[in-house]
Amino acid sequence: MRTLPEDSSICTQVLPAMWAGYRCQLSNICPPEGIVDFTSKVIQKGLCVPQEIADKISKDYYLGSVHDFCVSHFGRNLTDKDHERILLTANEFVKNGTIIEVDENEKDLIKLLATKVVVNAHQRANHAMASACFLHERGRLPKENVFMLQKGVSPIFYDKNEFDRSEMLQKEVFDVPDDRLFRSFDNWINCFGMRYNFNQMKHLLGGMRYMNALIMKKAAQTHLIEQRHPHRRTEYVSRVWRNRFSGRG
């Protein structure tokens, strides 16, 4: 997997959740239940691509790495500088509460892939919070994690020490189905979570479904163009993405 190494200096320049979202692997990403299959069916029907291609796009998007998704579906290897720009862009989106504005004409692949990092980080943070709520209901929440229910913000905003403590809860709930974890999260929100800071995330998450769909749509369109013009893939990828990767346009 071609990602930045664990000791990369960029990891100290971004929120821990962004680094975790960037380096997410199959075993520790928790997409909403059923979303991979549902999205695959939408891609297949809406864009008329073969089911196996739709399955791969959806699975790679939700369960794979940023780099592998880009190589598999946009035919583009990312440089270390590209990876750093993706991370810094994702960090700006979250830390500054920036509204991520993309549309059908968006040509900045760095911006589009940064939204994938944000999606991963948000899923991971929600899973950590749901785990804390589940353990709290059963009187099993470690005392060093009680702060999660008192702090009033998503783990996506935690500093390294807090984020590392929240991540440790994974081993306590490894055999608990996600629906039970998130039921506990909903119960806590309904009773005690009025101060939980959804407002800080609402602009970021409000358009996330659209942005997910847009990235996967562009991946499907790249596949369709390659099928129609198998000898023009390099030319197409270059024409669509070159300016943005080189900082022009």
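A residue is called buried when under 20% of its relative area is accessible. Keep that cut-off in mind as we walk through this predicted model, beginning with a tyrosine. Y62 has a relative accessibility of 5%, so Y62 counts as buried. Its neighbour Y61 has 1%, and therefore Y61 is buried too.

These two residues also have a relationship with each other. A pair of aromatic rings is described by the distance of the centres and the angle of the planes. A search of the whole structure turns up six aromatic pairs. One of them joins Y61 and Y62, with 5.1 Å from centre to centre and 85° between the planes, which makes the pair edge-to-face. If you look for other rings to go with them, you will find F69 and F74: together with Y61 and Y62, they form one aromatic cluster.

Now step back to the whole protein. What does its secondary structure consist of? There are 12 helices and zero strands, so reading from the N terminus you meet α after α until the end, as the order α-α-α-α-α-α-α-α-α-α-α-α shows. The protein has 249 residues, and 49% of them are buried. Its accessible surface comes to about 12,800 Å², and carbon and sulfur atoms account for 50% of that. Contacts also link distant parts of the sequence: among those between residues at least 6 apart, 71% join residues at least 24 apart.

One helix deserves a visit of its own. Helix α6 covers residues 109–137, which is 29 residues. From its first C-alpha to its last it reaches 43 Å, close to the 42 Å expected at 1.5 Å a residue. Is α6 enclosed or open to the outside? Of its 29 residues, 26 are buried, so α6 is largely enclosed by the rest of the structure. After α6 comes G139, whose phi is positive, near 65°.

Finally, how far can you trust what you see? The average pLDDT of the protein is 80, and 76% of the residues score at least 70. Confidence is highest in helix α8 (residues 160–167), at a mean of 95, and lowest in helix α12 (residues 233–245), at 45. Over residues 233–249 the pLDDT is below 50, although this stretch has 32 contacts in the model beyond near neighbours in sequence. Where pLDDT is low, the predicted coordinates should not be read in detail.

Notes. Residues numbered from 1 in each chain as written. Predicted model: local features only at pLDDT ≥ 70, side-chain atom pairs only at ≥ 80, totals over all residues. Heavy atoms only, no water. Helix = DSSP H or I, 4+ residues; strand = E, 2+ residues; numbered from the N terminus. Buried < 20%, exposed > 50% of the residue type's maximum accessible area, 1.4 Å probe, protein only. Contact = heavy atoms within 4.5 Å. Areas by Shrake-Rupley, 256 points an atom, 1.4 Å probe, with all protein chains shown as cover. Phe/Tyr/Trp six-rings, centres within 6.5 Å; stacked < 30°, edge-to-face > 60°. pLDDT = per-residue confidence, 0-100. Expected span 1.5 Å × (residues − 1).
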